[in-house]
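Open the model in your viewer and show it as a cartoon. The stops below go from the whole chain to single residues.

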Amino acid sequence: MEQKIQSLKELYEKDFYLWVLENLKLLKNREYDLVDWENLLEEIEDIGQRHYDAMVSCMAVIMEHR
């Protein structure tokens, strides 16, 4: 099990898309102890921040053109 988790952590650095697919498969199969939680949580947080930043940017453009 530890080997599988380490392999996913290495995959994160080498092939992001494959890393996503592997973690998605693990989540769908409810194999939660094999998920690369550290990197997955970081990516979820990053996605949230990017969406928030984009919203703030759009709101600034709207306010400029009022």
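This is a predicted model. Begin with the whole protein and follow it along the sequence: the pattern is α-α-α, with three helices and zero strands.

Next, display the C-alpha atoms alone. Along the principal axes they fill a box of roughly 55 × 25 × 15 Å. The radius of gyration is 17 Å, while a compact globule of 66 residues would have one near 11 Å.

Now switch on the surface. About 5400 Å² is exposed, and carbon and sulfur atoms supply 59% of that area. Of the 66 residues, 21% count as buried.

Colour by charge. There are 8 positive and 15 negative charges, and their mean positions lie 7 Å apart.

If your viewer can list contacts, take those with a separation of 6 or more. Residues 24 or more positions apart account for 46% of them.

Select Arg 30, in the loop between α2 (16-28) and α3 (37-64). Is Arg 30 buried or exposed? Its relative accessible area is 63%, and because the cut-off for exposed is over 50%, Arg 30 counts as exposed. Check the backbone here too: phi of Arg 30 is near 60°, a positive value in a residue other than glycine.

Move on to Met 59, which is found in helix α3. Met 59 has 41% relative accessibility, so it counts as partly exposed; that class lies between the cut-offs of 20% and 50%.

Finally, keep Met 59 selected and add Asp 33. How far apart are Met 59 and Asp 33 in space, C-alpha to C-alpha? The distance is 40 Å, with their positions 26 residues apart in sequence.

Note on methods: Residues are numbered from 1 along each chain as its sequence is written. This is a predicted model: local features need pLDDT of at least 70, side-chain atom pairs count only at pLDDT 80 or more; totals for chains, interfaces and linings use all residues. Side-chain values use heavy atoms; hydrogens and water are left out. Helices (H or I, at least four residues) and strands (E, at least two) are DSSP runs, numbered from the N terminus. Buried means under 20% relative accessible area, exposed over 50%, partly exposed in between (1.4 Å probe, protein chains only). The radius of gyration is taken over C-alpha atoms; the globule rule is 2.2 Å times the number of residues to the power 0.38. Contact means heavy atoms within 4.5 Å. Accessible areas come from the Shrake-Rupley method with a 1.4 Å probe; for residues, only the protein chains shown count as cover. Lys and Arg count as positive and Asp and Glu as negative; His and the chain ends are not counted. The place of a charge is taken as NZ of Lys, CZ of Arg, CG of Asp or CD of Glu.
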